[in-house]
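I am opening this notebook to keep a record of what I look up in the structure, entry by entry. I begin with the chain as a whole and then turn to single elements and residues.

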Amino acid sequence: MPAVDIFGRAAVVRPVGEIDIDTAPSLSRALAHALTFLATSRADRVVADCSRVTFCDSLGRNALIAARLRAVEAGATVRLANPAPQLRRVLHTTGAAALFPREDPAWPGAATALQQAPRRAGEHPNDG
């Protein structure tokens, strides 16, 4: 299952490789975990960093759409960062691209996130 890292107000999921019949359930679980964390934290969005996704079929697209629907119900968003060209084509061709706002490569907190060790979802830092 892709790890869920927390950076500021974003729960970041980083799928890797192919998202297909074998791996879409794992992505769904990671996205669900990220959404659960939103309910118990100050985070307000899930960011799916898709820069390392090499292939995405309809099951992967459906996992993203299902997570988006749950996020909307919770008053949050699912955003895509760095979607690979193949994923962009799948989303565009099926009309789903408009459902996912983009987090640019320089998304807020990205520079800080790269310099700091991420906090895993479910861990509660001592905010002091």
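Entry 1, contacts along the chain. I looked at how far apart in sequence the contacting residues are, and among contacts in the protein chain between residues at least 6 apart, 72% join residues at least 24 apart. I note here that I am working with a predicted model.

Entry 2, the order of the elements. I counted four helices and eight strands in the protein chain, and reading from the N terminus on I wrote their order down as β-β-β-α-β-β-α-β-α-β-α-β.

Entry 3, burial and surface. Of the 128 residues of the protein chain, I find that 42% count as buried. For the surface I noted that the chain exposes about 6900 Å², of which carbon and sulfur atoms supply 54%.

Entry 4, strands β1 and β2. I asked myself in which sense β1 and β2 run and how many bridges join them. The two strands run antiparallel, and four bridges join them; within this pairing, Asp-5 has Val-12 of β2 as its bridge partner. The hairpin that β1 and β2 form has two residues between the strands, and there I found Gly-8 with a positive phi near 60 degrees.

I then checked both faces of each strand. In β1, Val-4 and Ile-6 lie on one side, Asp-5 and Phe-7 lie on the other, and all of these are buried. In β2, which spans residues 10-13, the faces are likewise covered, with Ala-10 and Val-12 buried on one side and Ala-11 and Val-13 buried on the other.

Entry 5, Val-4. I took Val-4 as a single case from β1, a strand that covers residues 4-7. Its relative accessibility is 5%, and because buried means under 20%, Val-4 counts as buried. I also noted that Val-4 and Ala-32, although 28 residues apart in sequence, have C-alpha atoms 9.9 Å apart in space.

Entry 6, from β2 to β4. Following β2 further, I found that it pairs in the parallel sense with β4, residues 45-49, over four bridges. Here the bridge partner of Val-13 is Ala-48 in β4.

Entry 7, helices α1 and α2. I wanted to know at what angle α1 and α2 pack. The angle between α1 (residues 24-39) and α2 (residues 58-73) is about 15 degrees, and their axes are 9 Å apart. Because angles under 35 degrees count as roughly parallel, I describe α1 as roughly parallel to α2. The crossing in which α1 passes α2 is right-handed.

For the residues that meet between these helices, I listed Ala-24, Leu-27, Ser-28, Leu-31, Ala-32 and Leu-35 on the side of α1, and Leu-59, Gly-60, Ala-63, Leu-64, Ala-67, Arg-70 and Ala-71 on the side of α2.

Entry 8, Leu-38. I next looked up Leu-38, which is found in helix α1, and asked whether Leu-38 is buried or exposed. Its relative accessible area is 11%, and since that falls under 20%, Leu-38 is buried. Leaving aside residues up to four places away in sequence, I noted that Leu-38 touches Ala-11, Ala-43, Asp-44, Arg-45, Val-46 and Ala-76. Between Leu-38 and Gly-75, which are 37 residues apart along the chain, the C-alpha atoms are separated by 9.8 Å.

Entry 9, Asp-22. I turned to the loop between β3 (16-19) and α1, where Asp-22 is found. Asp-22 has 66% relative accessibility and counts as exposed, because the cut-off for exposed is over 50%. Its C-alpha atom is 9.4 Å from that of Leu-59, with the two positions 37 residues apart in sequence numbering.

Entry 10, Asn-82. My last look was at the loop between β6 (77-81) and α3 (85-93), which holds Asn-82. Although Asn-82 is not a glycine, it has a positive phi of about 55 degrees. I noted a relative accessible area of 25% for Asn-82, so this residue is partly exposed.

Notes:
Residues numbered from 1 in each chain as written. Predicted model: local features only at pLDDT ≥ 70, side-chain atom pairs only at ≥ 80, totals over all residues. Heavy atoms only, no water. Buried < 20%, exposed > 50% of the residue type's maximum accessible area, 1.4 Å probe, protein only. Contact = heavy atoms within 4.5 Å. Areas by Shrake-Rupley, 256 points an atom, 1.4 Å probe, with all protein chains shown as cover. Pairing = 2+ DSSP bridges. Axes fitted to C-alpha atoms, helices over the stretch in contact; angles between N-to-C directions. Parallel < 35°, antiparallel > 145°, perpendicular 65-115°, else oblique. Left-handed = near helix turned anticlockwise from the far one by under 90°.
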